[in-house]
Amino acid sequence: INKWSRRGDMYFKQALCAIGQVEFMMAYKEYFGDYGILVGQILLTREDFLDPHWTLNIRNALFTLVDEGV
């Protein structure tokens, strides 16, 4: 990463976020794994809540994760 030349632009920042997100989730997985707890991730935007059908799908996914102990 230190060799990347486009450090000032938005695409570079987005690439760093993509890498950092994986590291962040791995840290959660390791920490909660010590307690036998699974972790998951759902990425949402404001637009995901504009359609009632999509919102219902989000709700159902979240409840399923909780029901399964995630």
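Biologist: Why does Arg59 count as partly exposed?

Modeller: In this predicted model, Arg59 lies in helix α2 and has a relative accessibility of 44%; since buried means under 20% and exposed means over 50%, the value falls in between, and Arg59 therefore counts as partly exposed.

Biologist: What makes the length of helix α2 agree with its number of residues?

Modeller: Helix α2 covers residues 52-67, and at 1.5 Å a residue its 16 residues should span 22 Å; the C-alpha atoms at its ends are 22 Å apart, so the expected span and the model agree.

Biologist: Which residue caps the N-terminal end of α2, and how do you know that a polar contact is there?

Modeller: The cap is Asp51, which has a side-chain oxygen 2.7 Å from the backbone nitrogen of His53; the cut-off for a polar contact is 3.5 Å, and 2.7 Å is within that limit, so the pair qualifies by distance. Just after α2, Gly69 takes a positive phi of about 85°.

Biologist: How many aromatic pairs are there, and what makes Phe24 and Tyr28 an edge-to-face pair?

Modeller: The count comes to four aromatic pairs. One of them joins Phe24 and Tyr28, with 4.8 Å from centre to centre and 80° between the planes; because ring centres must lie within 6.5 Å and planes over 60 degrees apart count as edge-to-face, this pair meets both conditions. Phe24 and Tyr28 both lie in helix α1, residues 10-33, and are four residues apart, which is about one turn of the helix.

Biologist: Are Phe24 and Tyr28 buried or exposed, or in between?

Modeller: Phe24 has a relative accessibility of 43% and Tyr28 a relative accessible area of 35%; with the limits set at under 20% for buried and over 50% for exposed, both residues are partly exposed.

Biologist: Why is the pair of Tyr31 and Phe32 called edge-to-face?

Modeller: The ring centres of Tyr31 and Phe32 are 5.1 Å apart and the planes stand at 90°, so the distance is within 6.5 Å and the angle is over 60 degrees, as the edge-to-face class requires. Tyr31, at 48%, is partly exposed, and Phe32, at 25%, also counts as partly exposed. Ring pairs link Phe24, Tyr28, Tyr31, Phe32 and Tyr35 into a cluster.

Biologist: What makes Gly36 exposed?

Modeller: Gly36, which lies in the loop between α1 and α2, has a relative accessibility of 66%; that value is over 50%, so Gly36 counts as exposed. The C-alpha atoms of Gly36 and Met26 are separated by 15 Å, with their positions ten residues apart along the chain counted as sequence separation.

Biologist: Where is Gln41, and why is Gln41 called partly exposed?

Modeller: Gln41 is in the loop between α1 and α2, and its relative accessible area of 37% is neither under 20% nor over 50%, so Gln41 is partly exposed. Leaving aside residues up to four places away in sequence, Gln41 touches Gln21 and Met25. From Gln41 to Met25, 16 residues apart in sequence, the C-alpha distance is 8.0 Å, while the C-alpha atoms of Gln41 and Arg59, 18 residues apart along the chain, are separated by 14 Å.

Biologist: Why does Met10 count as exposed?

Modeller: Met10 is found in helix α1, and its relative accessibility of 53% is over 50%, so Met10 counts as exposed. Met10 and Met26 are 16 residues apart in sequence and 24 Å apart in space, C-alpha to C-alpha.

Biologist: How do you know that the protein chain is more spread out than a compact globule?

Modeller: The protein chain has two helices and zero strands. Its radius of gyration is 17 Å, whereas the globule rule gives 11 Å for 70 residues, so the chain is more spread out than a compact globule. The C-alpha trace spans about 45 × 40 × 10 Å along its principal axes, and 4% of the 70 residues count as buried. The accessible surface comes to about 6,300 Å², of which 61% belongs to carbon and sulfur atoms.

How values were computed: Residues are numbered from 1 along each chain as its sequence is written. Side-chain values use heavy atoms; hydrogens and water are left out. The expected span of a helix is 1.5 Å times one less than its number of residues. A polar contact is a pair of N or O atoms within 3.5 Å; within protein, one must be able to donate a hydrogen and the other to accept it, and residues adjacent in sequence count only if both atoms are side-chain atoms. Rings of Phe, Tyr and Trp (its six-membered ring) pair if their centres lie within 6.5 Å; planes under 30 degrees apart count as stacked, over 60 as edge-to-face and the rest as tilted. Buried means under 20% relative accessible area, exposed over 50%, partly exposed in between (1.4 Å probe, protein chains only). The radius of gyration is taken over C-alpha atoms; the globule rule is 2.2 Å times the number of residues to the power 0.38. Accessible areas come from the Shrake-Rupley method with a 1.4 Å probe; for residues, only the protein chains shown count as cover. Contact means heavy atoms within 4.5 Å.
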